[in-house]
There are 2 protein chains.
Amino acid sequence: MTSAPAVIRTIAEIRAALRAYRAEAGATASVGFVPTMGFLHDGHASLIGRSARENGLTVLSIFVNPLQFGPNEDFERYPRDEARDLDVAARAGANIVFMPSVAEMYPTPAATQITVSGVTERLCGASRPGHFDGVGIVVTKLLNVVQPDRAYFGLKDAQQVAVVERMVADLNQPVEIVPCPIVREADGLAMSSRNVYLSADERREALAISRTLAQVPAWIGSGMSAAQLTAAVREGISASPLADIDYVEVLTYPGLQPPASDAALAGSRERIIVAAAVRFGRTRLIDNILISFPEAHI
Amino acid sequence: MTSAPAVIRTIAEIRAALRAYRAEAGATASVGFVPTMGFLHDGHASLIGRSARENGLTVLSIFVNPLQFGPNEDFERYPRDEARDLDVAARAGANIVFMPSVAEMYPTPAATQITVSGVTERLCGASRPGHFDGVGIVVTKLLNVVQPDRAYFGLKDAQQVAVVERMVADLNQPVEIVPCPIVREADGLAMSSRNVYLSADERREALAISRTLAQVPAWIGSGMSAAQLTAAVREGISASPLADIDYVEVLTYPGLQPPASDAALAGSRERIIVAAAVRFGRTRLIDNILISFPEAHI
């Protein structure tokens with residue numbers, strides 16, 4: 001029971017389509033938005049599905065945003081498969097797929113920069129200078145084009161969620177940000193478009209990340225401090241000989257500040273995130289676990 | 001035939017009021033927006049009046065934005081007169097006056113910064129470091145709260161118009177920016193809330209700015225280059241013994257780049273702005289003239 005979503009490539013056309021929808025739906029209009037870089041997997045499908053359940057119209061965007069890639073990152077080789085993406089989008093319930101070109105999104109080099117401080121100095125913000133400036137501008141542009149009631153983001157990119165939530169609050173952007181749980185493969189690997197880069201050996205070894213993060217609640221329960229937990233997670237991931245750790249950090253969430261490193265984390269009043277970025281060969285993977293007290297949840 | 005505008009002080013209430021207006025007006029809804037720092041004069045009234053003619057509902061905001069004042073500027077003593085402003089707003093045709101507190105606009109210090117480069121390095125951007133970052137964030141916040149179809153800005157702050165137009169284009173903010181001509185006192189002084197600071201002597205001498213700028217079209221017609229015109233304007237203003245020139249610059253508009261300084265400006269393909277900032281005592285005044293070719297207009 002799926003119908004093919006409308007494929008729209010220009011800002012003028014999607015604005016017109018959304019205007020027509022809102023005029024017809026009137027007071028009952030509600031627009032859900034799922035911004036992605038495409039090469040969709042079940043994690044994306046879960047965001048689209050939730051948006052389709054919660055809104056009258058769901059817009060999926062597919063745009064590999066050059067501004068969020070560093071000069072030595074994988075912008076050029078980032079995986080793309082438009083036909084497959086449209087199939088996933090249709091089955092998950094998207095009504096409009098917005099696939100602008102780089103020239104449509106950046107007709108001239110953007111002179112405007114959006115910088116969110118405080119939540120961008122650590123984790124991927126430290127490893128990927130400028131990355132979150134690129135995220136901030138593209139999310140703002142897309143929100144201004146789609147003007148959704150709700151926008152859905154996956155918590156695999158937990159720092160991105162924290163950055164977007166802070167930006168939306170600071171700028172009074174009229175949208176509800178809906179963070180959604182990480183979706184994992186059957187064996188625990190967090191779903192990512194970049195998993196396709198992994199060789200068979202790397203794919204097997206990459207499980208070291210999710211297996212180690214799965215032990216975090218027990219380690220916290222045993223009374224570990226942030227420093228002890230960081231060391232334990234590093235040690236766990238390092239058990240894989242192919243793992244090249246970029247970072248392992250234990251921080252408050254969504255503020256992304258270090259907790260007192262010598263205090264036991266158990267019973268902390270703030271949520272805690274344990275986040276890792278690990279290279280396997282040329283492929284950089286990220287994963288995390290969010291813990292709130294007294295109950296832990298992912 | 002004026003009715004008192006609704007006075008609203010919170011973001012939640014103005015959003016509700018605008019939602020109600022849009023629901024009632026349906027497809028014919030149109031919202032015009034005039035952002036100001038209050039202490040309204042006939043320049044502001046002309047913006048409100050134009051918005052009232054062009055839109056179904058006109059929102060005026062009055063907010064003295066601390067983020068666009070430098071540490072040694074006049075934030076604390078900036079003139080405020082709520083009762084008089086409400087009277088001007090009513091007579092000019094505003095339907096809603098939005099007067100948020102600083103705490104309502106910045107409940108926590110903004111971690112998000114918006115920087116527009118290329119158009120902010122000269123003129124007031126050079127004299128007032130951080131000023132246009134403050135303008136960028138407050139305009140973005142207000143646009144996100146009001147979501148107007150059109151926003152009206154006076155060309156006395158011509159650089160502000162250029163910055164806002166560039167930001168709106170870069171961020172795809174869904175609004176039409178409407179630049180409006182400078183409104184002057186009968187003797188030529190550009191209207192400004194800060195004119196109230198001037199002593200009688202300063203007020204008389206301040207005419208040196210508008211009188212000098214009025215000669216610009218003739219000077220350009222006589223074949224002056226940008227460098228010659230800059231010197232002539234500096235000399236004209238300096239004829240007032242109380243004038244303390246902050247800057248006089250001749251630039252392209254809205255790009256705000258220097259034209260070739262040794263070429264005659266007449267026949268230039270780009271618009272030219274001649275802008276000045278001049279202190280009289282403690283009061284800093286700005287004024288400008290915009291020239292397009294072949295016809296000059298203010």
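This is a short tour of a two-chain model, stop by stop, with something to select at each one. Keep in mind that the model is predicted.

**Stop 1: the two chains together**

Start by colouring chain A and chain B separately and looking at where they meet. On chain A, 25 residues are in contact with chain B, and 25 residues of chain B are on the other side of that contact. Putting the chains together buries about 2,100 Å², and carbon and sulfur atoms give 46% of that area.

What does chain A bring to the contact? Select helix H1 (11-25), strand S5 (112-116), helix H6 (131-146) and helix H7 (158-171) of chain A: each supplies at least two residues of the side that touches chain B. Sort the residues on that side by type and you get eleven nonpolar, ten polar and four charged.

Now turn on polar contacts across the interface. You should find 20 residue pairs in polar contact between chain A and chain B, counting pairs with both residues at pLDDT 80 or more. How many salt bridges are there between chain A and chain B? The count is zero.

**Stop 2: the axis**

Next, superpose one chain on the other. A rotation of 180° does the job, with 0.0 Å of shift along its axis and an RMSD of 0.0 Å. The two copies are thus related as by a two-fold rotation axis. The interface fits that picture: 100% of the interface residues of chain A are also interface residues in chain B, so the copies meet through the same surface.

Which residue of chain A comes closest to the rotation axis? Select A:Ile114, whose C-alpha sits 2.3 Å from the axis.

**Stop 3: strand against strand**

Stay here and show residues 112-116 of both chains. S5 of chain A and S5 of chain B run antiparallel and are joined by five bridges. For one place to zoom in, pick A:Thr115, which stands opposite B:Gln113.

**Stop 4: parallel strands inside chain B**

Hide chain A for a moment and select residues 31-36, 150-154 and 176-180 of chain B. The stretch 31-36 is strand S2, which runs parallel to strand S6 (residues 150-154) and is joined to S6 by two bridges. Click on B:Phe33 and look across into S6: its bridge partner there is B:Ala151.

S6 also pairs with strand S7 (residues 176-180), again running parallel, through five bridges. At this pairing, B:Phe153 has B:Pro179 of S7 as its bridge partner.

**Stop 5: a salt bridge along a helix**

Over all chains, the structure holds 22 salt bridges. Side chains of opposite charge can pair when their charged atoms come close. For an example, show the side chains of B:Glu54 and B:Arg50, which meet in a salt bridge at 2.9 Å, N to O. Both residues lie in helix H2 (residues 42-54) of chain B, four residues apart, or about one turn of the helix.

**Stop 6: backbone oddities**

Bring chain A back and finish with the backbone. Select A:Tyr253 and A:Pro254: the peptide bond between them is cis, with omega near 5°. A:Pro254 lies in the loop between strand S8 (243-253) and strand S9 (271-280) of chain A. Over in chain B, the bond from B:Tyr253 to B:Pro254 is cis as well, with omega near 10°, and B:Pro254 lies in the loop between S8 and S9 of chain B.

Last, select A:Gln147. Although A:Gln147 is not a glycine, it has a positive phi of about 50°. You'll find A:Gln147 in the loop between H6 and strand S6 (150-154) of chain A.

Note on methods:
Residues are numbered from 1 along each chain as its sequence is written. Chains are lettered from A and ligands numbered from 1 in the order in which they are written. This is a predicted model: local features need pLDDT of at least 70, side-chain atom pairs count only at pLDDT 80 or more; totals for chains, interfaces and linings use all residues. Side-chain values use heavy atoms; hydrogens and water are left out. Contact means heavy atoms within 4.5 Å. Buried area is the accessible area (1.4 Å probe) that two parts lose on being put together, summed over both. A salt bridge is a side-chain nitrogen of Lys or Arg within 4 Å of a carboxyl oxygen of Asp or Glu. A polar contact is a pair of N or O atoms within 3.5 Å; within protein, one must be able to donate a hydrogen and the other to accept it, and residues adjacent in sequence count only if both atoms are side-chain atoms. Ala, Val, Leu, Ile, Met, Phe, Trp, Tyr, Cys and Pro count as nonpolar, Asp, Glu, Lys and Arg as charged, and the others, Gly among them, as polar. Two strands pair if DSSP finds at least two bridges between them. Copies are superposed by least squares on the C-alpha atoms of residues with pLDDT of at least 70 in both.
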